[in-house]
Amino acid sequence: MSQPRLHPIDVIRFYAENGVDIALDEIAPNRLAEPAKIIEGHKFEVPKREASKPFGAPPASSRPVAAQRNIAPPAAPETAIRDAGQLAANAKTLDELRAAVESFDGCALKTTAMRTVFADGNSQARIMFVGEGPGAEEDREGLPFVGRSGKLLDRMIGAIGLDRTSAYIANIIPWRPPGNRTPTPQESAICLPFIKRQIELANPDILVCLGGPSATTLLELREGITRTRGRWFEYDTGQRKIKAVALFHPAYLLRSPAHKKLAWQDLLSIKKALNG
Ligand code: URA
């Protein structure tokens with residue numbers, strides 16, 4: 001029985017919808033460039049590959065940061081965690097920290113990401129929002145929360161009188177996990193010293209963890225977001241204790257709009273804490 005033939009576009013759409021939206025090789029293999037094959041008596045001539053311009057190579061600016069800088073393979077996780085801790089501790093300002101994160105090659109996620117996504121908004125703000133990690137749009141622009149969930153986040157904080165001039169926004173992970181998969185515990189552990197130092201240097205009065213992974217990582221909570229959202233915790237920046245709260249992630253609210261009501265209650269609680 002013959003199999004139905006799929007159009008290549010449908011195959012690509014299927015992959016993209018299921019999270020396979022990047023090619024892991026730096027250069028897409030060009031099967032046509034393989035040695036000429038004899039098929040049913042016909043000899044197919046294939047074009048020769050120019051040494052200086054490989055087939056399928058995207059322009060340098062659209063290649064992953066690692067490929068642009070010939071980054072060596074990441075070190076062992078314990079070494080990477082130790083190096084991240086040292087780099088983070090040595091950074092005395094947020095600019096130095098950004099440079100340290102950009103120079104760090106210990107997290108494999110950097111090898112597939114296009115950009116390092118460090119922060120957006122006002123680092124002097126009294127409130128800091130921390131999400132999980134960049135998505136495709138954020139990876140393209142190099143800024144957190146600029147895609148669909150970012151637009152919703154803007155509306156959510158707008159509802160309590162905030163915007164990106166009065167809020168500081170970052171992520172646990174500064175590089176997009178391929179296909180938007182959840183970062184592994186190892187990847188989170190490697191990046192943790194950076195976000196902790198970022199919170200310490202920004203020194204907000206209020207920390208808002210966006211979504212379960214951010215809350216469990218930063219607030220060391222064991223319960224899920226549906227139980228922890230809206231509850232106030234203490235977060236020790238290393239310099240002082242500040243108020244911290246978990247809020248539903250905007251991406252979750254896009255999928256489950258019925259929970260916007262609960263998020264609204266939590267936003268009002270955040271507004272009260274800011275004014276209190
Ligand atoms: N989701 C996040 O957690 N962070 C972003 O920057 C975008 C989407």
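## Helix H7 and the six-stranded sheet

Strand S6 (residues 206-210) and strand S8 (residues 241-247) run parallel and are joined by five bridges. Within this pairing, Cys209 stands opposite Ala246 in S8. The model described here is a predicted one.

Both strands belong to an open sheet of six strands, whose order is S3-S5-S4-S6-S8-S7 and whose pairing is mixed. Strand S3 (120-121) and strand S7 (232-236) stand at the edges with a single partner strand each, so one side of each is left without a neighbour in the sheet. In general, the strands of a sheet pair through backbone hydrogen bonds, in either a parallel or an antiparallel manner.

Helix H7 lies across strand S4 (127-131), strand S5 (168-171), S6 and S7, and runs at about 170° to S4. H7 also packs against helix H3 and against helix H4, and the geometry of these two packings is set out below.

| Helix packed with H7 (residues 185-202) | Angle | Distance between axes |
|---|---|---|
| H3 (residues 77-90) | about 5° | 8 Å |
| H4 (residues 94-103) | about 170° | 10 Å |

With an angle of about 5°, H3 and H7 are therefore roughly parallel to each other, since angles under 35 degrees count as such. On the H3 side of this contact stand Pro77, Ala80, Ile81, Ala84, Gly85, Leu87, Ala88 and Ala89, which meet Gln186, Ala189, Ile190, Pro193, Phe194 and Arg197 in H7. By class, the residues of this contact of H3 with H7 divide into 11 nonpolar, two polar and one charged.

For H4 and H7, the angle of about 170° is over 145 degrees, and the two helices are therefore roughly antiparallel to each other. H4 passes H7 in a left-handed crossing. Here Leu94, Leu97 and Val101 in H4 meet Phe194, Arg197, Gln198, Leu201 and Ala202 in H7, and the contact comprises six nonpolar residues, one polar residue and one charged residue. Phe194 and Arg197 of H7 appear in the contact with H3 and again in the contact with H4.

Turning to charged pairs, the count of salt bridges in the model comes to 11. One of them is formed by Arg126 with Asp205, where the closest N and O atoms are 2.7 Å apart. Arg126 lies in the loop between S3 and S4, whereas Asp205 lies in the loop between H7 and S6, so this pair ties together parts that are 79 residues apart in sequence.

Key. Residues are numbered from 1 along each chain as its sequence is written. This is a predicted model: local features need pLDDT of at least 70, side-chain atom pairs count only at pLDDT 80 or more; totals for chains, interfaces and linings use all residues. Side-chain values use heavy atoms; hydrogens and water are left out. Axes are lines fitted to C-alpha atoms, for helices over the stretch in contact, and angles run from 0 to 180 degrees between N-to-C directions. Helices (H or I, at least four residues) and strands (E, at least two) are DSSP runs, numbered from the N terminus. Angles under 35 degrees count as roughly parallel, over 145 as roughly antiparallel, 65 to 115 as roughly perpendicular and the rest as oblique. A crossing is left-handed if the near helix is turned anticlockwise from the far one by less than a right angle, and right-handed if clockwise. Contact means heavy atoms within 4.5 Å. Ala, Val, Leu, Ile, Met, Phe, Trp, Tyr, Cys and Pro count as nonpolar, Asp, Glu, Lys and Arg as charged, and the others, Gly among them, as polar. Two strands pair if DSSP finds at least two bridges between them. A salt bridge is a side-chain nitrogen of Lys or Arg within 4 Å of a carboxyl oxygen of Asp or Glu.
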